[in-house]
Amino acid sequence: MKILGIESSSLVASVAVVTDQVMTAEYTVNFKKTHSQTLLPMLDQVAEMIDLDLNTIDAIAVSGGPGSFTGLRIGAATAKGLGLALKKPLIHVPTVDALAYNMWGYNGVVCPIMDARRNQVYTGIYSLKNGFCPIMAQCPADIRELAEKLNNLGEKAVFLGDGVPVYKDILKAEMKAPYEFAPAHMNRQRAGTVAALGAVYYQEGKVESAAEHRPDYLRKSQAERERAGEEL
């Protein structure tokens, strides 16, 4: 089984291939460049380095949201285009789930936080001690309310994601339960975990056609909220 993974939900642009539970290749860049300029060239380089015939992949796993509206749309368009051209199914992998999957086997609860601004984060709470077990599914949340939930759980927590540098001081002030922050090689989105978790979902039959795929933004864009007259 060969799964192509695509991650573009944040500043991170990442492409990976997982073949029969082995990471064949991964190309990840966390830098301020437009994903529309980086994803396809990255895929071309990965394919060239490992002599990959894209027709041999079984499915395309794509980080399906939440995250940057523009980034998710670019990732979705790339995955949908490839899926249509190659006649391959897509696997919608929730962004926060894939981020948590970085911490496989962690002896505590895993709490990814993606900055959604104004003290809001996209988050979830997971146990990965014995498999992948969501305790709280991905959702938008106030950072202080999230800390309270974790304090009530009383287990050691690890935080990861681009929300950590933004809300680290608040977490230090609010957390009563033990906690830590993930190291650099595990603390951001990666196409490798999108592909690896996508392979699990593929075996479970959780696939969709390229035409069916839609990103899950979890909330309206700023432009949509402004148009509706909602408070930002």
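Two strands count as paired if DSSP finds at least two bridges between them. By that rule, strand S6 (residues 109-117) and strand S9 (residues 157-160) pair: 4 bridges join them, and they run parallel. The model is predicted. One open sheet has 5 strands in the order S3-S2-S1-S4-S5. An open sheet of 5 strands also has the order S8-S7-S6-S9-S10.

**Sheet S3-S2-S1-S4-S5**
- The pairing in this sheet is mixed.
- Strand S3 (22-30) and strand S5 (90-93) are the edge strands, and each pairs on one side only.
- From one strand to the next, the twist averages 15 degrees.
- Strand S1 (residues 2-7) and strand S4 (residues 59-63) run parallel and are joined by 4 bridges.
- Ile3 stands opposite Ala59 in S4.

**Helices on that sheet**
- Helix H6 (residues 191-203) packs on the sheet and touches S1, S2, S3, S4 and S5.
- The direction of H6 makes about 135 degrees with that of S1.
- Helix H1 (residues 35-49) lies across S1, strand S2 (12-19) and S3.
- H1 runs at about 25 degrees to S2.

**Sheet S8-S7-S6-S9-S10**
- Pairing is mixed here.
- The edges are strand S8 (133-142) and strand S10 (179-181), each pairing on one side only.
- Neighbouring strands are turned by 20 degrees against each other on average, direction ignored.
- Val110 stands opposite Val158 in S9.

**Helix on this sheet**
- Helix H5 (residues 164-174) packs on the sheet, touching S6, strand S7 (120-127), S9 and S10.
- The direction of H5 makes about 160 degrees with that of S10.

Notes. Residues are numbered from 1 along each chain as its sequence is written. This is a predicted model: local features need pLDDT of at least 70, side-chain atom pairs count only at pLDDT 80 or more; totals for chains, interfaces and linings use all residues. Side-chain values use heavy atoms; hydrogens and water are left out. Helices (H or I, at least four residues) and strands (E, at least two) are DSSP runs, numbered from the N terminus. Axes are lines fitted to C-alpha atoms, for helices over the stretch in contact, and angles run from 0 to 180 degrees between N-to-C directions. Contact means heavy atoms within 4.5 Å.
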